[in-house]
There are 2 protein chains.
Amino acid sequence: MPQVTRTYHHGDLRAALIDAGLQLARTGGVDSVGVRDVTREAGVSPASAYRHFDDHRALVVAVALAAQDHLAEAIVTRIGTETADAKGERAAALARLRGVGLGYIDFALAEPGLFELALLTFDPASGASPTVLVDAEVPAPFLLLLQALDACEASGALSAAERVNAEWPCWSAVHGFADIATRGPLKGQAPEVLEALGEHVVDSIIAGLRGSASRP
Amino acid sequence: MPQVTRTYHHGDLRAALIDAGLQLARTGGVDSVGVRDVTREAGVSPASAYRHFDDHRALVVAVALAAQDHLAEAIVTRIGTETADAKGERAAALARLRGVGLGYIDFALAEPGLFELALLTFDPASGASPTVLVDAEVPAPFLLLLQALDACEASGALSAAERVNAEWPCWSAVHGFADIATRGPLKGQAPEVLEALGEHVVDSIIAGLRGSASRP
DNA sequence: GGTCGATGTGAACACTGTGAACATATCGTG
DNA sequence: CACGATATGTTCACAGTGTTCACATCGACC
């Protein structure tokens, strides 16, 4: 293996602990990433973790951030396959939006353990910011959604009025479905069923955003 | 207080433990309902809990089911206010559907601790049932949604085609928003903001169900 | 080469869930 | 009414957890 320049005793133990955490979370979910488990996995003493993380919670948060990166990768991948054969700017923007939702669901179904981690939000001092979102700290997956929605507006697939606050219905529906399919009543259903229902959810919410002027 | 017929030593300790669990969860979330905490709250020894619950998990599940009942109550309440001034069968059915979603969100915002509990699904032997839902075990809140959707179909507010699988987009969007508003990026926002966004989410998803034939 | 700060270790502490042996109050039955 | 069976609650113990603190060890820099 590619021996990294090992400094100090272990050589970047912090990264090793996060990796071990990901490995454990992949099969056991968030509960299986404990201080003693992670350090045991890395072949190191329990107390050593406290040189790199303030707290048990801080460790979990670090692993969760790593899991969010994997989630973002899955979304980008799905965006690629969705937009592959989209003709025209409008269709491409809509396909991209669809890809964000379906990629999110893909990841949740493929890696339920890591997905559970990725959901943990680290509540920065639980600062109730007056604005709806502090864009400095917005996680990568959410950023992908915002960009896709902006592209929809730019291409005319979404009107300016429809664009405002559109991220919340989108994120809610997709996140909610992923949670339901992972831990909720749909847990354990066949992958084809879940895939089909996931598409239905994504298409419904996109239709809802665009069809605000509907029947009485 | 209405002294219940006290049998045996304590007099229905099981119920007392569940009540204590609800009380603790209300302020501290799911993590604060532990065997020792609950028994301490009830003024009883830790091991006594094992006469009524197999497991720590079994205790939490029992409390979660109680929390689900409270959730159902909140939904019923909101259904009442939504349908109060609805004219016509169709409008009433749609108002009822809206009430289910908004009641769910109401409860999540008013009682985030209990809401966290209510989400825990108890995965009965993790039996992957072939059918989409085992109707014997369907929790009350979900049942309220199914009935509201059926009423929409009966009144013509939803076509038969639109009705099929409509429960998943609805549940996903509402559940997802509640989760986001409670633990996610919207946590800590002002109640008015959350209320407005919640209405937006609910209205969007209902529009999406009814507007399947939308623009290209 | 010696000193110092950064990093890992070992042994402790308080806490948790859980089981076994024991104590006691209630009920069914003679 | 007495008495054994049984359901309920208690005490004690054990394994495992997060966490801390004194100590050991290594790399870097003067």
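Buried means under 20% relative accessible area, and C170(A), at 5% relative accessibility, therefore counts as buried. The close-up views below are taken from a predicted model.

**View 1. C170(A) and C170(B) are cysteines without a disulfide partner.**
A search of the whole structure, over all chains, finds zero disulfides. In chain A, the cysteine sulfur nearest to that of C170(A) belongs to C152(A) and is 8.3 Å away. In chain B, the closest cysteine sulfur to that of C170(B) is in C152(B), at 8.3 Å, which is too far for a bond. A disulfide requires the two sulfur atoms to be within 2.5 Å. C170(B) counts as buried because its relative accessibility is 6%.

**View 2. Y104(B) and W171(B) form an aromatic pair between two helices of chain B.**
Over all chains, the structure holds eight aromatic pairs. In the pair of Y104(B) and W171(B), the ring centres are 5.0 Å apart and the planes are at 65 degrees, so the arrangement is edge-to-face. Y104(B) lies in helix α4 (residues 89-110) of chain B and W171(B) in helix α8 (residues 167-182) of chain B, so the pair ties together parts that are 67 residues apart in sequence. Y104(B) has a relative accessible area of 3% and is buried. W171(B) is also buried, with a relative accessible area of 12%.

**View 3. F142(B) and W168(B) form a tilted aromatic pair.**
The ring centres of F142(B) and W168(B) are 5.4 Å apart, and their planes are at 35 degrees, so the pair is tilted. This pair links distant parts of the chain, with F142(B) in helix α6 (residues 140-155) of chain B and W168(B) in helix α8 of chain B, 26 residues apart. F142(B) counts as buried at 3% relative accessibility. W168(B) is buried as well, with a relative accessible area of 1%.

**View 4. Five aromatic residues of chain A form one cluster.**
The members of this aromatic cluster are Y104(A), F115(A), F142(A), W168(A) and W171(A).

**View 5. E199(A) is a partly exposed residue of helix α9 in chain A.**
Helix α9 of chain A, which contains E199(A), covers residues 191-210. The relative accessible area of E199(A) is 27%, so the residue is partly exposed. Not counting residues up to four places away in sequence, E199(A) touches R78(A), R98(A) and L102(A). The C-alpha atom of E199(A) is separated by 8.6 Å from that of G101(A), a residue 98 residues apart from E199(A) along the chain.

**View 6. DNA strand C is surrounded by 22 residues.**
Of these residues, R51(A), R36(B), Y50(B), D55(B) and H56(B) come nearest to DNA strand C. The surface near the strand has eight nonpolar, eight polar and six charged residues. Helix α2 (residues 35-41) of chain B gives the most to this surface, with three residues. Of the strand atoms within 4 Å of the protein, 54% belong to sugar or phosphate, and the rest belong to bases.

**View 7. Side-chain and backbone atoms of the protein make polar contacts with DNA strand C.**
In chain A, an N or O atom in the side chain of H52(A) is 2.7 Å from a phosphate oxygen of the strand. In chain B, a polar backbone atom of H56(B) is 2.7 Å from a phosphate oxygen of DNA strand C. R36(B) is placed at a base: an N or O atom in its side chain is 2.3 Å from a base nitrogen of the strand.

Methods:
Residues numbered from 1 in each chain as written. Chains lettered and ligands numbered in written order. Predicted model: local features only at pLDDT ≥ 70, side-chain atom pairs only at ≥ 80, totals over all residues. Heavy atoms only, no water. Near = heavy atom within 4 Å. Polar contact = N/O pair within 3.5 Å; in protein donor to acceptor, adjacent residues only side chain to side chain. Helix = DSSP H or I, 4+ residues; strand = E, 2+ residues; numbered from the N terminus. Nonpolar A, V, L, I, M, F, W, Y, C, P; charged D, E, K, R; others polar. Buried < 20%, exposed > 50% of the residue type's maximum accessible area, 1.4 Å probe, protein only. Contact = heavy atoms within 4.5 Å. Phe/Tyr/Trp six-rings, centres within 6.5 Å; stacked < 30°, edge-to-face > 60°.
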